[in-house]
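Here are some worked exercises for you to try with the model open beside you. Have a go at each task before reading its solution.

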Amino acid sequence: MTDYPARSPELHIPQNTDKRQDNSSWLQVWQQGQTEGFHQTLVNPLLTRFWRSQNLRRHSRVLVPLCGKSLDMMWLAAQGHRVIGVELSPIAVKDFFEENSLKVKKTRQGNFMRWQSGSIVIWCGDFFSLRKRQLGCIDNVFDRASLTALPEEVRAIYVDQLRKLIGPNADVFLLTVEEIVKQSGQAAMAIDQEIMSLYAEHFEITLTHSQRSDDDFVSVNGDDCYTDDKVYQLNPLI
Ligand SMILES: C[S@@+](CC[C@H](N)C(=O)[O-])C[C@H]1O[C@@H](n2cnc3c(N)ncnc32)[C@H](O)[C@@H]1O
C-alpha cells in the first residue's frame, strides 16, 4: 500500500471556463472512464506518511472534497475517522462502494444523493450547492487535486465555499503536484503561488514536504516537466 502509484502522463484534465460546462465535462470524464489521469490505484503514500501529524482523534470527521472514488477514503476510515466525501459523478460514487465491496444505503437530500456505508458518507452532487447544515461538524479536510480540477476563476469561490462548510477551526491537509519545466526550472502552473494567494488570508500555510519524481515526466503546454509532489498543512488563523 505504500508504493507510488504509476503516474499518468497528464494529470490535468482540460477545463471549461464556464462552471456548468466544467461539471458536464467531469460527468463525461466518468462516463467515458477517462480517470487514469488522476485516479490512483493505491492509497496515496504521502497521506499514509504524513497524516499522523494531524494528531486527530479516532472519531474525527474528515471532509474529502471532490473525492472521486479515491482509496484514500478507505484508509482514512481504517484510521477510525468518519469520512465525508463530496463528488459530482454518481458513477464515481457507485464505483467507490462497489469496488470496495461496501454495502450502501442511499437517501435523497435535496439536490444531493447521500450514500453511506458505515463510517463513510459520500454526498453526490455539486460541491458548490452543499450547505454546512447538511454536513455537520468537520474537524479536518483531506484535499488532493481539488483546486486543479476546477477552472482558475472558480478556485477562489471553491476556497470560500470550503471555508463556509468547515467553519473556523478545521485544519486542511493538502496534497498537490507542481510541474517544473525541465529546461527553465520554472513552475509550469504556479500552483504554489496560487495556494498562497487563495489561502494565506485565512490560514497559516506550511509546506511539510516536497519530493521530485526524476524518473518520469509530464508534458505541460508542450514542455517536458518534472513533477514535485507537495504536502501542505493549513492551520486556520485565529
Ligand atoms: C482531479 S479529480 C480528484 C479526485 C480525488 N480527489 C482523487 O484524489 O482521486 C476531481 C474530482 O472532482 C469531481 N468534481 C469536479 N467538479 C465537482 C463539483 N463541482 N462538485 C463535486 N465534485 C466535483 C470530479 O468528478 C472528479 O472526480
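Helices (H or I, at least four residues) and strands (E, at least two) are DSSP runs, numbered from the N terminus. This is a predicted model, in which local features need pLDDT of at least 70, side-chain atom pairs count only at pLDDT 80 or more, and totals for chains, interfaces and linings use all residues. Residues are numbered from 1 along each chain as its sequence is written.

**Exercise 1. Two loop residues**

Task: Find where N55 and A145 lie, and decide whether each is buried or exposed.

Solution. Start with the cut-offs: a residue is buried if 20 or more other C-beta atoms lie within 10 Å of its own, exposed if 12 or fewer, and partly exposed in between, with C-beta atoms placed from the backbone.
- Step 1: N55 sits in the loop that links α2 (45–50) to β1.
- Step 2: N55 counts as exposed because it has 9 C-beta neighbours inside 10 Å.
- Step 3: A145 belongs to the loop between β6 and α6 (155–166).
- Step 4: A145 has 21 C-beta neighbours inside 10 Å, so it counts as buried.
- Step 5: Now check the backbone. N55 has a positive phi near 50° without being a glycine, and A145, not a glycine either, has a positive phi of about 60°.

**Exercise 2. One face of a helix**

Task: Work out which residues of helix α4 are buried and how they are arranged around its axis.

Solution.
- Step 1: Helix α4 covers residues 90–99, and its buried residues are A92, V93 and F96.
- Step 2: Looking down the axis of α4, the buried residues lie within an arc of 100° (taken from the directions from the helix axis to the C-beta atoms), so they line one face of the helix.
- Step 3: A general rule helps here: an α-helix has 3.6 residues a turn, so residues three or four places apart point the same way.
- Step 4: Turn to the face away from the buried side of α4, and you meet the exposed residues E98 and E99.
- Step 5: After α4 comes S101, with a positive phi near 50°.

**Exercise 3. Two hairpins**

Task: Trace how β3, β4 and β5 pair, and find the glycines with positive phi in their hairpins.

Solution. Two strands pair if DSSP finds at least two bridges between them.
- Step 1: Strand β3 (residues 105–109) runs antiparallel to strand β4 (residues 112–117), with 5 bridges joining them. K105 has Q116 in β4 as its bridge partner.
- Step 2: The hairpin of β3 and β4 has 2 residues between the strands, and G110 in the turn has a positive phi of about 60°.
- Step 3: β4 is also joined by 5 bridges to strand β5 (residues 120–124), again antiparallel. Here R114 stands opposite W123.
- Step 4: In the hairpin of β4 and β5, also with 2 residues between the strands, G118 has a positive phi near 55°.

**Exercise 4. A covered strand and its partners**

Task: Describe how β6 is covered and which strands pair with it.

Solution.
- Step 1: In strand β6 (residues 140–144), 5 of the 5 residues are buried.
- Step 2: N140, F142 and R144 point one way from β6, while V141 and D143 point the other way.
- Step 3: Strand β1 (residues 61–64) pairs with β6 in the parallel sense over 2 bridges, and L63 stands opposite V141.
- Step 4: Strand β7 (residues 171–181) runs parallel to β6 and is joined to it by 5 bridges. N140 has D171 in β7 as its bridge partner.

**Exercise 5. A buried aspartate**

Task: Place D72 and list its contacts beyond its neighbours in sequence.

Solution.
- Step 1: D72 is in helix α3 (residues 72–78).
- Step 2: D72 is buried because 24 other C-beta atoms lie within 10 Å.
- Step 3: Leaving out residues up to four places away in sequence, D72 touches V43, N44, L47, F142 and R144 (contact means C-beta atoms, placed from the backbone, within 7 Å).
- Step 4: The C-alpha atoms of D72 and T48 are separated by 8.8 Å, although the two residues are 24 apart along the chain.

**Exercise 6. Around the ligand**

Task: Say what classes of residue surround the ligand, and which element gives the largest share.

Solution.
- Step 1: There are 21 residues around the ligand (C-beta atom, placed from the backbone, within 6 Å), and L66, G68, L88, F127 and A149 come nearest.
- Step 2: The elements giving two or more residues to this shell are α1 (19–31) and β2 (82–87), and α1 has the largest share with 3 residues.
- Step 3: By class, the shell holds 12 nonpolar, 6 polar and 3 charged residues. Ala, Val, Leu, Ile, Met, Phe, Trp, Tyr, Cys and Pro count as nonpolar, Asp, Glu, Lys and Arg as charged, and the others, Gly among them, as polar.

How values were computed:
Contact = placed C-beta atoms within 7 Å.
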